[in-house]
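Subject: Structure handover

Hello,

Here is the structure we talked about handing over. Please open it first, then read the notes underneath.

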Amino acid sequence: MPLCLWTTLLAVVLTWAIFHVSNRKKKSTKLVDTAAQERTRIITFYTIYLRLELTLGYIDFVLKDGRRVHVIERDMSEPVRMMGEFMQPGGRLMLAKLGLQDCLEEIDAQKATGLALYKDGEKAVIPFPVEDNNFPYEPTGRSFHNGRFVQRLRQKASSLPNVKLEEGTVKSLIEENGMIKGVTYKNSSGEETMLFAPLTVVCDGCFSNLRRSVNDNDAEVMSYQVGFISKNCQLEEPGYLHLVMAKPSFTMVYQISSTDVRCSVEILPGKIPSIANGEMTNFLRNTMAPQVPQNLRKIFLKGINEGAQIKVMPLKRMSATLSNKKGVIVLGDAFNMRHPAIASGMMVLLSDILILRRLLQPLEYLGDVNKVSEVIKSFYVIRKPMSATVNTLGNAFSQVLIASTDEAKEAMRQSCYDYLSSGGYGSSGLMALLGGMNPRPLSLIYHLFVVTLSATGQLLYPFPSPLRIWHSVRLFGRKGLARCSLQHLQPLFLWTLLAFVLTWTTYHVTNRRKKATKLADVAVEEIRYGGPDVIIVGAGVGGSALAYALAKDGRRVHVIERDMREPERMMGEFMQPGGRLFLSKLDLQDCLEGIDAQKATGLTLYKDGKEAASPFPVEDNKFPYEPSARMFYNGRFVQRLRQKASSLPNVRLEEGTVRSLIEEKGVIKGVTYKNSLGEESTAFAPLTVVCDGCYSNLRRSLNDNNAEVISYTVGYVSKNCRLEEPEKLHLIMAKPSFTMLYQISSTDVRCAFELFSNYFPSIANGEMASFVKNDLAPQVPPKLRKIFLKGIEEGAKIKVTPAKRMSATLSRKKGVIVLGDAFNMRHPAIASGMMVLLSDILILRRLLKPLRNLGDANKVSEVIKCFYVIRKPMSATVNTLGNAFSQVLVASTDQAKEAMRQGCYDYLSSGGFRTSGMMALFGGMNPRPLSLIYHLFAITLSSIGQLLSPFPSPLRIWHSLRLCGVSLKLLIPHLKAEGVIHMMSPINAAAYCKNYMTATAV
Ligand SMILES: Cc1cc2nc3c(=O)[nH]c(=O)nc-3n(C[C@H](O)[C@H](O)[C@H](O)COP(=O)(O)OP(=O)(O)OC[C@H]3O[C@@H](n4cnc5c(N)ncnc54)[C@H](O)[C@@H]3O)c2cc1C
C-alpha cells in the first residue's frame, strides 16, 4: 500500500513538473506571437519614441533612414519650465549636424558670447574662444524660453509623414523574457492602449518613471535651483551669462528673450524656504539680492517685486549605466544627468543622438535585438569623450561654486575664479571645455590640476605652516580632482592619487556624516514647526481611508493626490461583505451611502446553458456584520472617502504629483512633488505611505518586485436599464474566459469580460464592438443579453484595465510603507482588492497607535514586519483564491482543465456546506487559508471523480493525474509566495479573526 501511494505521488509530481514546464513555454510563445501579430496587423511603427522633449534628432532617422516613428508625449502644450534654456556652442553644432538648427530661429533666442563671472565685488568677462581653436562652428551659445524651443522641435518632427506624434501617458513597458516589446499607455481619450515595436526609446526626462524598470541606477538630488523671470527688461550686457559666486552657492542672470531675464539661485538640500508663505521671496530679496552686483540687482529685484512665479527644480546627478534589457534604449535625462551649473544637458543629449543615429543607420531591421544591443554597447563607449568631460566638469564645477567656511574649499573656489579670469590659455581652455568645443577628458584633467596647484600655492602663502600644509593636502582630495583621476586613470597622476587617497577618505567620511546630520536636522526642524507626521502619496481608496484613520488617531496627515476630480475608471466597483465590515470598523461605512450603491446578496453562475444561485451565507456563520456586498461607481466612492478625510482639521489634502522619494542612507525622509501651480516642492515627514495604485511609479524604488499582467478586463456601462435580479453579480463561464454583469447604480449595469494578449480586437476600429456582438453576446444567457448588448449598441465607451498580480514584499528602506495596489495585487475576478486594502489599514492603524513618535524608524520597521505577518490570513486567502479562481474561469480545450472548470461550477452550485463555504471565502467572511485549501482539494477530488466515471480507462487516469497537476499548480506557487507556515497556521487565522473580525474588535 505505501509503495502504491509513493508511486502515485511520484507520478503526480512528475506530471505536474512536465505540465508546468510545457505550460511556461507555451505562455512565452503566446506573448511573442501577439507582439508579432500586433506589429503586422495593427501597429506598423518601427520605433516607439517616448517623450519628445529635446531629443528630436530622430527626425534624421526618419528623413534619411526612413524609419516609422511613433512618439508618445504626455502633454503637447508648450512646456513652462526652468530648464534647458542655454544651448552651448557645442550643442548648436550638434543641432546643425542633425539638420535642426532652424529650431533656434523665430523663438527670440539670444546670442551668448561667454561668461561674466563675479566674486567678492570683482568681475571677469570670459568669452568663448574665437581664435586658435579647432571648433568648426560659430563659437556662440543661445539662450531662450525652453518651451518655445521644444514646440519648434515638435513641429519639425510632426511635419514628417512617417512620424506619428500622439498625446498619451506611457504607463509601463511591455517586457517578455528580458526584452521590451512595446508600451502600455493611456491615450488622450483616457483609454488604456498597447503599442508594440522592435525598438523602444525611453526619453521621459529627469522625472522618468520608466528608467527604473530598465536601469537600476537612481538619480541623486544634489541641490535645488530656485528661479523666476524678470519681464520687460534688458541686461546691460545681454550677450553674457552672468554667474555670481555667492552664498550659499551661485546665482545666475541671463537674457532668455529680448525682453525677459532668467534669474536663478542654487539652494542646498534642507534649506529651502517656503514659497507659499513668502519666506522664499524674503530670502531672495534680503539674502540673495544684496550679493548680486549693482549692474544686475535692479533686474534681479524686478521679478521678485512684480510677483513673478518662483519655481523650484531639484538638481540631480546620475551616471549612465547600460541596461541588460533588450529592445530598448534610454536617452537624455532618463539616462544620464550631471549638475546643470554648466548648462550642457541638451548638448550631451544631442551628441548621443548623433552617435546613435550613425550606429543604427546601417541596420535594416531594428528587430534584430542582438545587433541593436551591440550598437548600444558601442554607443556607450563612443559617447565617453563628450559625456565624461561634461559630467566631470559639471560635477566638479558645481562643487567649487558652493561657498564654504572650510579654508581648503574656499581656496579652491578662489583659485577657480582666478584661473577663469586670468585670460589667455587657462581661461580659453576652460571656456572651450564649458562650451563643449573641446570634449577631451585629458584636457579637463590638466586644467583641474592647474587650478588645484594654484589653490595650493595660495594656501601655503606666505609660509607653509603645518595647518596650511594640512589644508593643501585636503585640497587634493577635492571631489572634482579625485573623480577625474579615478575615471580616466591617467598613469601620470596615479602617484598623486595614491599619496592622497588616505587623506581624502578621512575627509570624505567626515563630510558624509556632516551631510547626514544636516538633513536629519532639517526634517526634525520641519516636524517641530508643524510639519506632518505622515505623508500619504495618492488619495484613492487606500490613501483616503488611511488618512482618515490616522488623523482620527491624532496624526497630522499630508495627502498628495495627482488628480482631485472624480475618477472615471473600471475597478473597485464591488465591495465584499468583509470589506464593508472593515469600512465600518474604520468608521467609513457612510461613504457607501448617498452614492446610489446597490446591494448584492451573492452570485449567479452560468455555464453551458445552466444557472445556479450562490448566495453569501446568512446563517450559521460567525461573520458579525450584515452579509451582503455593495456595487457602485468607484469614482463616487473615492470622492466620498476624500471628502470624509479632508473634513478632519489635521488632514491636508493637496493636489500634486509626487515625483520621487527623498532618501537619506536608506531612510525615506519625504517626497518631491509638483504642486497644482506646476511648482516643484518638497514635503518632509517621519513616515511616508505610498498608496499610488496599480500604476505606481514609486514602488520600484522601494520593492524590487514587479507586477505581472495576467490578462485584460474590458468593460462598458449599459445605461438606463435594470437587471432581472439586480441583487446578484452575474458571472458567465464563457469563452475565452468570464463575462460579468452587475448593477452599479439604480439605472446602470456594468458589463465586463476578460481577454488575453493573444487575441485583443482593436477598440478604435470597431473590432471590439463586433467581437462583443458576435462572439460574446451569444454566450450570454437570453435574460441578460439585451442589457449586455444595450451599451454596445448605444456606443458606450469601452475601457480596458490590465489585470495584474503581484505578491507583497517588504521594502528594506525605512520610514516608508507601501499599501494597496502598489503593494499587493491579485486577479480582480474575485473583486477583493479594496477589502484586503481596508484590512491592511485596520491592522496598520492598530499597530501604529501606541507609537508616539513615528520618527523612530526602527520601531516603525518592527511594526511593518508585524503587519506583514498579521495580514497573512486575509491576504493569503484572497490572493490564492483570486489567482486560482481566475485560472479556473479560463476556457480550455485541455480535458483536465475543463474538468476542473466543470468541477468548480458543480461545487459552487451544489448548495449546502460547499456553496456557503466557498461564498464565505469569496466574501471575505472567513479568511482562513486552511479552509481554502480544503475546498480546493474537495473540488479537485470531485472533478477527478467525474473524470474517471463511468469507469477508469487509462486515458481517464492520465487526465486525472494531470488534473492533480492543475490543482497543485493553482496552489503551490501561492504556498511559496505567501509562505507555507503562514498559510498552514490555524493560530494566525484565529488571532486575525479575533482581533479584526469580531463585533467588538479594534
Ligand atoms: C479591473 C479591476 C477591477 C477591480 N474590481 C474590484 C472590485 O470590484 N472590488 C474590489 O474590492 N477591488 C477591485 N479591484 C482592485 C481595487 O480597485 C484596488 O485594489 C484599489 O482601488 C486599490 O486602491 P489604491 O488606493 O491602492 O489605489 P487607487 O485607488 O488606484 O489610488 C491611487 C491614487 O494615487 C494617485 N496617484 C498615482 N500616482 C501618483 C503620484 N505620483 N502622485 C500623487 N498621486 C498619485 C492616483 O491618482 C490615485 O488617486 C479591481 C482592480 C482591477 C484592475
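A residue is near a molecule or strand if one of its heavy atoms lies within 4 Å of it. By that rule, 34 residues surround the ligand. The closest are E561, R569, F574, D821 and M834.

Some ground rules before the rest. This is a predicted model, so local features need pLDDT of at least 70 and side-chain atom pairs count only at pLDDT 80 or more, while totals for chains, interfaces and linings use all residues. Residues are numbered from 1 along each chain as its sequence is written, and side-chain values use heavy atoms, with hydrogens and water left out.

**The ligand**

Start with the polar contacts. A polar contact is a pair of N or O atoms within 3.5 Å; within protein, one must be able to donate a hydrogen and the other to accept it, and residues adjacent in sequence count only if both atoms are side-chain atoms. R569 places a polar side-chain atom 2.7 Å from a ligand oxygen. M834 uses its backbone: an N or O atom there lies 2.8 Å from an oxygen atom of the ligand. For R642, a side-chain N or O atom is 3.4 Å from a ligand oxygen.

Taken alone, the ligand exposes 1000 Å². The protein buries 92% of that. These accessible areas come from the Shrake-Rupley method with a 1.4 Å probe; for residues, only the protein chains shown count as cover.

Which elements give two or more residues to the shell? They are α17 (541-552), β19 (557-561), β25 (651-664), β33 (799-805) and α23 (833-848). Helices (H or I, at least four residues) and strands (E, at least two) are DSSP runs, numbered from the N terminus. α23 gives the most, with 4 residues.

The shell divides into 15 nonpolar, 12 polar and 7 charged residues. Here Ala, Val, Leu, Ile, Met, Phe, Trp, Tyr, Cys and Pro count as nonpolar, Asp, Glu, Lys and Arg as charged, and the others, Gly among them, as polar.

**Two open sheets**

Two strands pair if DSSP finds at least two bridges between them. One open sheet has 7 strands in the order β27-β26-β25-β19-β18-β28-β34, with mixed pairing. Its edge strands, β27 (680-684) and β34 (816-818), each pair on one side only. Neighbouring strands are turned by 35 degrees against each other on average, direction ignored. β25 and β26 (667-675) run antiparallel, joined by 8 bridges. One bridge partner pair is E664 and V667.

Another open sheet of 7 strands runs β6-β5-β13-β14-β15-β12-β16, again with mixed pairing. β6 (122-127) and β16 (311-317) stand at the edges with a single partner strand each, so one side of each has no neighbour in the sheet. The twist averages 20 degrees from one strand to the next. β12 (220-230) and β16 are antiparallel and joined by 7 bridges. V221 stands opposite K316 in β16.

Helix α11 (407-421) packs on this sheet. The helix touches β5 (114-119), β6 and β13 (240-245), in contact meaning heavy atoms within 4.5 Å. The directions of α11 and β5 make about 140 degrees. Axes are lines fitted to C-alpha atoms, for helices over the stretch in contact, and angles run from 0 to 180 degrees between N-to-C directions.

**Backbone details**

The peptide bond from K735 to P736 is cis, with omega near 5 degrees. P736 sits in the loop between β30 (728-733) and β31 (738-743). S949 and P950 are also joined by a cis peptide bond, with omega about 5 degrees. P950 is in the loop between α28 (929-948) and α29 (954-978).

Best wishes
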